[in-house]
Amino acid sequence: MQIISRITTLALFIFCVTCVHAQFHKVHIKNGESHNEMIIYESGYVDVSPSFPGGECALIKFINKTRRYPVDAYNNKIQGRVVCRFVVHPDGSINAISIIKGVEDSLNQEAVRIIREMPKWTAGKLNDEPVPVYYVLTIPFRI
């Protein structure tokens with residue numbers, strides 16, 4: 001019985017350490033000769049998540065207005081949802097766009113283009129201070 005208790009305690013400890021570690025990432029940035037370290041937080045860890053100006057409805061309108069379905073993908077009836085990840089910085093700017101789950105190259109590129117054209121966001125906050133936050137966004141492509 002003691003062994004089961006110890007194993008359970010150890011598993012719980014490992015789980016907690018993993019969760020704490022996953023709440024932010026340290027990123028090393030090289031600027032010429034200098035090296036800087038920036039902490040980028042996961043959206044679930046901050047007090048206030050980053051947001052598109054005008055909220056979620058405005059974000060959906062922006063995507064629908066900006067999205068241009070690639071001709072070959074449209075003609076070949078390729079559709080799906082491109083899941084992207086990017087960083088919203090304290091000044092609201094966006095960078096470090098990556099594809100978490102893609103559909104097809106032209107749709108993936110279009111999703112990245114849409115994100116690059118976005119206006120500045122409202123930054124995420126931790127303890128009332130703006131901080132860089134990873135944000136995950138799904139962009140749908142339907143025929």
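Is Arg 113 buried or exposed, and at what relative accessibility? In this predicted model, Arg 113 counts as buried because its relative accessibility is 16%, and buried means under 20%. The legends below begin with the whole chain and then turn to close-up views.

**Figure 1. The protein chain contains four helices and seven strands.** Read from the N terminus on, the elements of the protein chain follow the order α-β-β-α-α-β-β-α-β-β-β. Of the 143 residues in the protein chain, 29% are buried. Among the contacts in the protein chain with a separation of 6 or more, 68% are made by residues 24 or more positions apart.

**Figure 2. Close-up of helix α4, with Glu 110, Ala 111 and Arg 113.** Glu 110 belongs to helix α4, which spans residues 105-116, and Ala 111 and Arg 113 are placed in helix α4 as well. Glu 110 is buried, with a relative accessible area of 8%, while Ala 111 counts as buried at 0% relative accessibility. When neighbours within four places in sequence are left aside, Glu 110 is in contact with Thr 66, Arg 67, Arg 68, Pro 70 and Phe 141. Arg 113, with residues up to four places away in sequence not counted, touches Thr 66, Arg 67 and Arg 68. Ala 111, with residues up to four places away in sequence again not counted, touches Val 82, Cys 84, Ile 139 and Phe 141. The C-alpha atoms of Ala 111 and Thr 66 are separated by 9.9 Å, although these residues stand 45 residues apart along the chain.

**Figure 3. Close-up of helix α2, with its buried side and the face turned away from that side.** Leu 59, Phe 62, Ile 63 and Thr 66 are the residues named here as buried in α2. These residues cover an arc of only 95° around the axis, which puts them on the same side of α2. An α-helix has 3.6 residues a turn, so residues three or four places apart point the same way. The covering of the buried residues of α2 includes α4 and β7. On the face of α2 turned away from its buried side are the exposed residues Cys 57, Lys 61 and Lys 65.

**Figure 4. Close-up of the largest pocket, which has a volume of about 240 Å³.** The lining of the largest pocket is made up of 15 residues, and Glu 56, Leu 59, Ile 60, Ile 63 and Leu 137 are those that lie nearest its centre. Two or more residues of this lining come from each of the elements α2 (56-66) and β7 (133-141). Helix α2 gives the most to the lining of the largest pocket, with five residues. Sorted by class, the lining of the largest pocket comprises eight nonpolar, four polar and three charged residues.

**Figure 5. Close-up of two cysteines, Cys 57 and Cys 84.** Cys 57 is exposed, with a relative accessible area of 60%, whereas Cys 84 is buried, with a relative accessible area of 0%. Cys 57 is carried by the face of α2 turned away from its buried side, and Cys 84 is touched by Ala 111. The count of disulfides comes to zero, the rule being that a disulfide needs a pair of cysteine sulfur atoms within 2.5 Å.

**Figure 6. Close-up of Lys 77 and Ala 96, with attention to their backbone phi angles.** Lys 77 is not a glycine, and yet its phi is positive, at about 55°. Lys 77 is found in the loop between α3 (71-75) and β3, and Lys 77 is exposed, with a relative accessible area of 63%. Ala 96 also has a positive phi of about 55° without being a glycine. The place of Ala 96 is in strand β4, where Ala 96 is partly exposed, with a relative accessible area of 49%.

**Figure 7. Close-up of Asp 91 in the loop between β3 (80-88) and β4 (94-101).** Asp 91 is partly exposed, with a relative accessible area of 47%. Measuring from C-alpha to C-alpha in the predicted model, Asp 91 and Gly 124 are 9.8 Å apart in space and 33 residues apart in sequence.

Key. Residues are numbered from 1 along each chain as its sequence is written. This is a predicted model: local features need pLDDT of at least 70, side-chain atom pairs count only at pLDDT 80 or more; totals for chains, interfaces and linings use all residues. Side-chain values use heavy atoms; hydrogens and water are left out. Buried means under 20% relative accessible area, exposed over 50%, partly exposed in between (1.4 Å probe, protein chains only). Contact means heavy atoms within 4.5 Å. On a 1 Å grid over the protein atoms alone, a cavity is a set of points where a 1.4 Å probe fits but cannot get out, and a pocket is an open set with protein on both sides within 12 Å along at least five of seven lines; lining residues have an atom within 4 Å of a point. Grid points are joined across faces, edges and corners, and a volume is the space filled by probe spheres set on the points. Ala, Val, Leu, Ile, Met, Phe, Trp, Tyr, Cys and Pro count as nonpolar, Asp, Glu, Lys and Arg as charged, and the others, Gly among them, as polar. The arc is that of the directions from the helix axis to the C-beta atoms.
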